Amino acid sequence: QVQLVESGGGLAQAGASLRLSCAASGPGRTSTTYAMGWFRQASGKEREFVAVISYNSVTRYADSVKDRFTISRDNRYNTVYLEMNSLKPEDAAVYYCAADPLFVRFSNSFARTGNLKIWGQGTLVTVSS
């Protein structure tokens with residue numbers, strides 16, 4: 001069973017940067033043809049889509065993070081990254097990594113159902129104002 005392990009969360013001041021990583025580990029490997037991406041869930045709110053990257057590096061972002069966050073991947077290491085710049089207090093949330101064969105499942109509707117193939121356990125990002 002492949003697992004996704006997130007790291008890099010923590011406390012940051014508003015305007016600062018954080019970099020999240022998500023590495024696939026365990027027996028087997030996520031196919032390099034899988035899309036990988038990030039969702040987040042703030043306290044008291046529904047989980048929402050943040051960013052996704054396809055196996056060939058096509059990207060899509062939520063409007064709320066566009067131009068501030070950058071998603072990238074290294075298929076040699078089955079790892080996806082989320083560079084978060086100009087952090088705002090509203091970016092505070094638990095960030096979840098996910099992997100799925102279908103790029104289109106990285107959306108708010110699938111964020112609510114959770115119907116993606118593999119999910120990580122989440123990493124907490126706190127932003128102080």
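Author: Two residues are said to be in contact when heavy atoms of theirs lie within 4.5 Å of each other. Please keep in mind that what stands above is a predicted model.

Reader: With that definition, which residues does Met-84 touch, not counting residues up to four places away in sequence?

Author: Leaving out those sequence neighbours, Met-84 touches Ala-16, Ser-17, Leu-18, Leu-20, Arg-68, Phe-69, Tyr-95 and Val-125. One of these, Phe-69, also stands opposite Met-84 in strand S8.

Reader: Which residues have the most contacts inside the largest nonpolar core?

Author: The general idea is that nonpolar side chains tend to be buried together in soluble globular proteins. Here the largest nonpolar core has 37 residues, and those with the most contacts inside it are Trp-38, Leu-82, Met-84 and Tyr-95. Several strands each supply at least two residues of this core, including S3 (18-25), S7 (69-74) and S8 (79-84).

Reader: How many of the residues of S8 are buried, and how many bridges join S7 to S8?

Author: Five of the six residues in S8 are buried, so that this strand is mostly covered, buried being under 20% relative accessible area. S8 runs antiparallel to S7, to which six bridges join it, and S8 also pairs with S3 in the antiparallel sense over six bridges. In the second pairing, Ser-21 has Tyr-81 as its bridge partner.

Reader: Is Val-58 buried or exposed?

Author: Val-58 falls between the two and is partly exposed, because its relative accessible area is 43%, whereas buried means under 20% and exposed over 50%. Val-58 lies in the loop between strand S5 (48-53) and strand S6 (59-61), and beyond its sequence neighbours up to four places away it touches Val-52, Ile-53 and Phe-103.

Note on methods: Residues are numbered from 1 along each chain as its sequence is written. This is a predicted model: local features need pLDDT of at least 70, side-chain atom pairs count only at pLDDT 80 or more; totals for chains, interfaces and linings use all residues. Side-chain values use heavy atoms; hydrogens and water are left out. Helices (H or I, at least four residues) and strands (E, at least two) are DSSP runs, numbered from the N terminus. Buried means under 20% relative accessible area, exposed over 50%, partly exposed in between (1.4 Å probe, protein chains only). A nonpolar core is a set of buried Ala, Val, Leu, Ile, Met, Phe, Trp, Tyr and Cys residues joined through side-chain atoms within 4.5 Å. Two strands pair if DSSP finds at least two bridges between them.
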